[in-house]
Amino acid sequence: MLENLPSLFRLSKQLNCTSLKICNVFNVTLLNRTNIVSSVLVPARTTMVVKRRYPPGLYREGNKPRLSRKTFFYELVEDTDYRPDPLIDVVLKTNVPGVGNDGDIINLKRTAAYYKLILPGLADYTTPESLEYSSQLKKDVSVQEKQISPSVEYCMKYLQLRCMSIVMNKETEWTIEPWHVRASFRKAGVQILSESSIELPAKPIRGPNLDLEGKEFYVTVTINKKHKVKVRCCIHHWSTAMTDRLPYVQDYWLTPLEKVFPEDNVKETEPSTTQ
């Protein structure tokens, strides 16, 4: 212990520390400042990449460089603690809602892939074995027909939670047709490319009929000619004359609505797949 005291004293002097006290009676060394212990004894993994703001000038070989105060000004180039997380590829081992299907190769951040997929056992790193497993599933037609892409799954859940307002004329006679539903969906921000993807109830809905005001019915929308989802629709009568318009109902989709067809008792089911 005593033979290490000179080196400790020199170290404390370099750190401008005056709290290093040596007790000659008990031959022990006391470090009163905890920050000295952490900076000297505990290794730090933080790396800062810096560059000189004012590079020193040239000097002759054999001579010492002449360094002034401004040559010790540095600019931060990179802080490795805030380096962006790199992207990696992983192979899913099972169907993960909102991410992908069994055998899909997903590209996402390394930390998220490790904690959310690899650690729970939902995915593997891209190895020759996992890539071979993915290629075999892609070749199996029966497996591909049962799988749902994350975008289709998101779209189906979105439509199941919506209540589309079908706006019809209050003076002119009408019968709800697929193009009425398609126009109302487009007004709500949902684009349906073909009217053949819309399936109306078996019984026709005719009006104007104020008894149908605020009542709901269900239409079936087919996505990619394979996946079907039932969407709530609410009938609202609209007039060109300001005085004949019905009062606006605030947040009508949050209140339980009466059905147009009382026997139409639709339950929320899992997304279906047609052959």
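In this predicted model, Ser184 makes contact with Ser165, Ile166 and Val167, once residues up to four places away in sequence are set aside. Ser184 itself belongs to helix H7, which covers residues 178-187. Its relative accessibility comes out at 10%, and because anything under 20% is taken as buried, Ser184 falls into the buried group.

Next comes a small piece of sheet. Three strands make up an open sheet, and reading across it the order is S6-S5-S7, with antiparallel pairing. The edges are taken by strand S6 (105-109) and strand S7 (123-125), each of which has a pairing partner on one side only. The strands don't line up exactly: on average, neighbours in this sheet are turned by 45° against each other, direction ignored. Strand S5 spans residues 87-92 and is joined to S7 by three bridges, the two strands running antiparallel. Along S5 and S7, Val91 can be found standing opposite Asp124, a residue of S7.

Two helices go with this sheet. Helix H3, made of residues 110-118, lies across S5, S6 and S7, and it runs at about 125° to S6. Helix H4, made of residues 128-139, also lies across S5, S6 and S7. For helix H4 the angle is given against S5, and it is about 55°.

Then there are the rings. The count of aromatic pairs comes to two. In the pair formed by Tyr114 and Tyr115, the ring centres are 5.1 Å apart and the planes meet at 85°; since planes over 60 degrees apart count as edge-to-face, that is the label this pair gets. As for how open these two tyrosines are, Tyr114 has a relative accessibility of 34% and so counts as partly exposed. Tyr115 has 56%, and because the exposed class starts over 50%, Tyr115 counts as exposed.

Finally, some charged side chains sit over aromatic rings. The charged end of Arg52 is placed over the ring of Phe72, at 5.9 Å from the ring's centre. Lys70 does something of the kind with Tyr54: Lys70 lies over the face of that ring, 5.3 Å from the ring centre.

Definitions and conventions. Residues are numbered from 1 along each chain as its sequence is written. This is a predicted model: local features need pLDDT of at least 70, side-chain atom pairs count only at pLDDT 80 or more; totals for chains, interfaces and linings use all residues. Side-chain values use heavy atoms; hydrogens and water are left out. Two strands pair if DSSP finds at least two bridges between them. Helices (H or I, at least four residues) and strands (E, at least two) are DSSP runs, numbered from the N terminus. Axes are lines fitted to C-alpha atoms, for helices over the stretch in contact, and angles run from 0 to 180 degrees between N-to-C directions. Contact means heavy atoms within 4.5 Å. Buried means under 20% relative accessible area, exposed over 50%, partly exposed in between (1.4 Å probe, protein chains only). Rings of Phe, Tyr and Trp (its six-membered ring) pair if their centres lie within 6.5 Å; planes under 30 degrees apart count as stacked, over 60 as edge-to-face and the rest as tilted. A charge sits over a ring if NZ of Lys or CZ of Arg is within 6 Å of the ring centre and within 35 degrees of the ring normal.
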